[in-house]
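Biologist: I am new to this structure and would like to go through it with you. Could you put it up before I start asking?

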Amino acid sequence: MTQSKTPADVAAAAIASPVLILLGPPGAGKGTQARMLEQRYGLVQLSTGDLLRAAVAEGSEAGKAADKVMKSGGLVSDDIVIAILRDRLADPDTARGVILDGFPRTTVQAEALDDLLAESGQQIDAAISLEVDDEAMVHRIAGRFTCGACGEGYHDSFKQPKVEGVCDVCGATNMKRRSDDNAETVAERLAAYHKQTAPLITYYEKRGTLQRINAMGAIDEIATTVSRAVAEATRNRSMRSA
Ligand SMILES: [Zn+2]
């Protein structure tokens with residue numbers, strides 16, 4: 001007896017083992033979308049920091065090399081990161097696909113990554129760029145404040161307490177704002193992100209793998225768009241290889 005496939009099965013089958021890069025400025029919901037891809041499709045998120053820590057803990061050759069550099073306060077070289085990534089991509093749990101987060105950061109790294117994937121006949125299926133409206137983003141982040149007593153979240157524009165300065169939930173009157181959430185800091189973070197990422201965006205755009213996703217909407221809608229983009233990317237891959 002064969003069981004009929006659910007739409008989720010079909011979608012999961014459609015995105016067989018993608019290699020994805022997730023790009024997005026702070027506040028764009030990168031973590032949320034990565035978790036969705038992990039849960040929905042069994043992909044594994046590989047962030048540079050986690051990779052390095054795990055390799056060091058494991059004591060692999062590349063891990064030892066990374067440990068030495070980090071202990072001396074240096075920056076781990078691209079070669080070492082690539083070696084660690086090569087080891088990690090050979091682990092069976094990554095066979096259903098991976099989401100790279102925080103690597104590559106430069107076009108030199110992007111080229112090294114392409115070479116690494118080519119070793120095993122793979123390639124980047126999609127570089128997903130979560131795109132935000134900078135001005136709206138500044139407004140969204142800088143308007144946030146929370147109740148210092150119970151942690152309830154508020155917003156200047158979207159969710160004011162019923163009585164100004166008084167928490168709806170617990171009645172406390174010490175509202176708090178994070179100092180790094182002010183408009184200037186948020187604008188600076190966004191500018192730094194764009195400056196660093198622009199060459200990568202161009203790199204993947206030229207290769208036809210860039211997927212621009214509007215990340216200003218509801219989380220569920222963004223998740224649906226991301227899923228669709230990934231499915232389309234892997235469909236294109238199977239057409240390329242056919
Ligand atoms: Zn409260």
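Biologist: Leaving aside neighbours within four places in sequence, which residues is Ile128 in contact with?

Modeller: This is a predicted model, and Ile128 is among the residues with the most contacts inside its largest nonpolar core, which has 49 residues. Nonpolar side chains tend to be buried together in soluble globular proteins. Leaving aside neighbours within four places in sequence, the contacts of Ile128 are Leu20, Ile21, Leu22, Leu23, Gln211, Ile213, Val226 and Ala229.

Biologist: In which element is confidence lowest?

Modeller: The protein has an average pLDDT of 89, and 91% of its residues score at least 70. Where pLDDT is low, the predicted coordinates should not be read in detail. Confidence is highest in strand E7 (residues 175–176), at a mean of 96, and lowest, at a mean of 52, in helix H1 (residues 7–14).

Biologist: UniProt places a "binding site" at Cys147, Cys150, Cys167 and Cys170. How far apart are their C-alpha atoms at most?

Modeller: The annotation comes from an unreviewed UniProt entry. These cysteines span 24 residues in sequence, yet they gather at one spot, because no two of their C-alpha atoms are more than 8.6 Å apart.

Biologist: Is Cys147 buried or exposed?

Modeller: Cys147 lies in strand E5 (residues 144–147). Leaving aside neighbours within four places in sequence, its contacts include Cys167 and Cys170. A residue is buried if 20 or more other C-beta atoms lie within 10 Å of its own. Cys147 has 21 such neighbours, so it counts as buried.

Biologist: The other UniProt "binding site" annotation includes Thr48, Arg105 and Arg189. What is the distance between the farthest two C-alpha atoms of that set?

Modeller: That annotation, also from an unreviewed entry, covers Gly74, Gln109 and Arg178 among others. Its residues span 142 residues in sequence and do not all gather at one spot, because the farthest two C-alpha atoms are separated by 34.0 Å.

Biologist: Which residues is Arg189 in contact with, leaving aside neighbours within four places in sequence?

Modeller: Arg189 lies in helix H8 (residues 183–206). It has 17 C-beta neighbours inside 10 Å and so counts as partly exposed. Its contacts, without those neighbours in sequence, are Pro25 and Pro26.

Biologist: How far apart are the end C-alpha atoms of H6?

Modeller: Helix H6 covers residues 107–119, and Arg105 lies in the loop between strand E3 and this helix. At 1.5 Å a residue, the 13 residues of H6 should span 18 Å. The model agrees with that, as the end C-alpha atoms are apart by 19 Å.

Technical notes:
Residues numbered from 1 in each chain as written. Predicted model: local features only at pLDDT ≥ 70, side-chain atom pairs only at ≥ 80, totals over all residues. UniProt positions renumbered as here; feature names shortened; annotations may be inferred. Helix = DSSP H or I, 4+ residues; strand = E, 2+ residues; numbered from the N terminus. Buried ≥ 20, exposed ≤ 12 C-beta atoms within 10 Å, placed from the backbone. Contact = placed C-beta atoms within 7 Å. pLDDT = per-residue confidence, 0-100. Expected span 1.5 Å × (residues − 1). Core = buried A, V, L, I, M, F, W, Y, C linked by C-beta atoms within 7 Å.
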